[in-house]
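Biologist: I would like a close look at one part of this model, namely the salt bridges and the places of their partners in the fold. Please set them against the nonpolar interior as well.

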Amino acid sequence: MSGAQINLTNQFLIAMPGMGDDTFRGSVIYLCEHNERGALGLVINKPIDIKLKNLFEKVELTLERPDLADEPVYFGGPVQTERGFVLHERLGGEGEEGAGHYNSTLQIPGGLEMTTSKDVLEALSSGAGPKKVLVTLGYAGWGAGQLEDEIRRNGWLTLDAAPEAIFDTPVESRYERALGLLGIDPRMLSQEAGNA
């Protein structure tokens with residue numbers, strides 16, 4: 001086998017039905033980064049029992065965005081679960097003030113942005129900031145070659161990410177929506193792994 005590096009940045013990982021890991025069963029993960037050192041992604045379809053307005057209160061901010069106040073915070077993955085990750089639309093279009101000026105933002109090639117610094121929350125609290133956001137606590141991480149191995153063992157399906165499946169699809173429909181982007185009916189997936 002060649003050592004060719006696959007790059008799944010800006011792709012969805014969809015957990016196969018037979019996934020043995022309860023943490024990721026039924027998950028759709030948006031991959032923010034994938035390189036020879038490993039991968040980092042955020043689960044986009046596992047809300048937890050915290051609303052954004054409550055998260056903002058915990059960091060001593062008031063959320064002045066009624067459209068976001070009752071949105072859930074999501075379980076982003078099992079790593080650094082005390083830390084917030086803000087997945088949001090790319091800034092810098094239509095003269096957006098402060099575009100791309102957050103202290104710690106990963107610009108995902110061809111895709112979204114992921115910010116970990118508090119200044120994005122401060123922008124949102126004042127009614128500004130990105131219009132479309134998904135906030136997680138924690139992230140999913142893989143060491144070098146680990147994700148590729150899980151994919152080879154039929155743990156995940158991959159496809160190009162579609163922002164509307166994150167921001168414009170009800171959370172309970174995101175898994176089916178992601179599979180639908182592949183043209184797959186979830187009822188047709190077998191829980192048995194096998195190679196043709």
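Modeller: A residue is called buried under 20% relative accessible area, exposed over 50%, and partly exposed in between. With 34% relative accessibility, Lys53 is therefore partly exposed. The model is a predicted one.

The partner of Lys53 is Asp70, and the closest N and O atoms of this salt bridge are 2.8 Å apart. Lys53 belongs to helix 1 (residues 52-58), whereas Asp70 sits in the loop between helix 2 (66-69) and strand 5 (72-75), so the pair ties together parts that are 17 residues apart in sequence. Asp70 likewise counts as partly exposed, because its relative accessibility is 48%.

The structure holds eight salt bridges. One of them joins the side chains of Glu164 and Arg177, at 3.7 Å from N to O. This pair links distant parts of the chain, with Glu164 in helix 5 and Arg177 in helix 6, 13 residues apart. Glu164 has a relative accessible area of 32% and is therefore partly exposed; Arg177, at 31%, is partly exposed too.

Asp22 and Arg25 also meet through their side chains in a salt bridge, with an N to O distance of 2.4 Å. Here Asp22 counts as exposed, because its relative accessibility is 56%, while Arg25 is partly exposed at 40%. In addition, a network of salt bridges links Asp149, Arg152 and Arg153.

Turning to the interior, the largest nonpolar core has 27 residues, and those with the most contacts inside it are Phe12, Tyr30, Cys32, Ile44, Leu87, Met114 and Ile166. Among the elements that each supply at least two residues of this core are strand 1 (11-15), strand 2 (28-35), strand 9 (133-143), helix 5 (163-167) and helix 6 (174-181). Helix 5 and helix 6 thus contribute to this core and also carry Glu164 and Arg177, respectively. A second, separate core of 18 residues includes Leu52, Leu91, Tyr102 and Leu121.

Within the largest core, Met114 is among the residues with the most contacts. Leaving aside residues up to four places away in sequence, Met114 touches Cys32, Leu40, Leu42, Phe85, Val86, Leu87, Ser104, Thr105, Leu106 and Ile108.

For the protein as a whole, six helices and 10 strands make up the secondary structure. Of its 196 residues, 45% count as buried. Among contacts between residues at least 6 apart in sequence, 69% join residues at least 24 apart.

Technical notes
Residues numbered from 1 in each chain as written. Predicted model: local features only at pLDDT ≥ 70, side-chain atom pairs only at ≥ 80, totals over all residues. Heavy atoms only, no water. Core = buried A, V, L, I, M, F, W, Y, C linked by side-chain atoms within 4.5 Å. Buried < 20%, exposed > 50% of the residue type's maximum accessible area, 1.4 Å probe, protein only. Helix = DSSP H or I, 4+ residues; strand = E, 2+ residues; numbered from the N terminus. Contact = heavy atoms within 4.5 Å. Salt bridge = Lys/Arg side-chain N within 4 Å of Asp/Glu carboxyl O.
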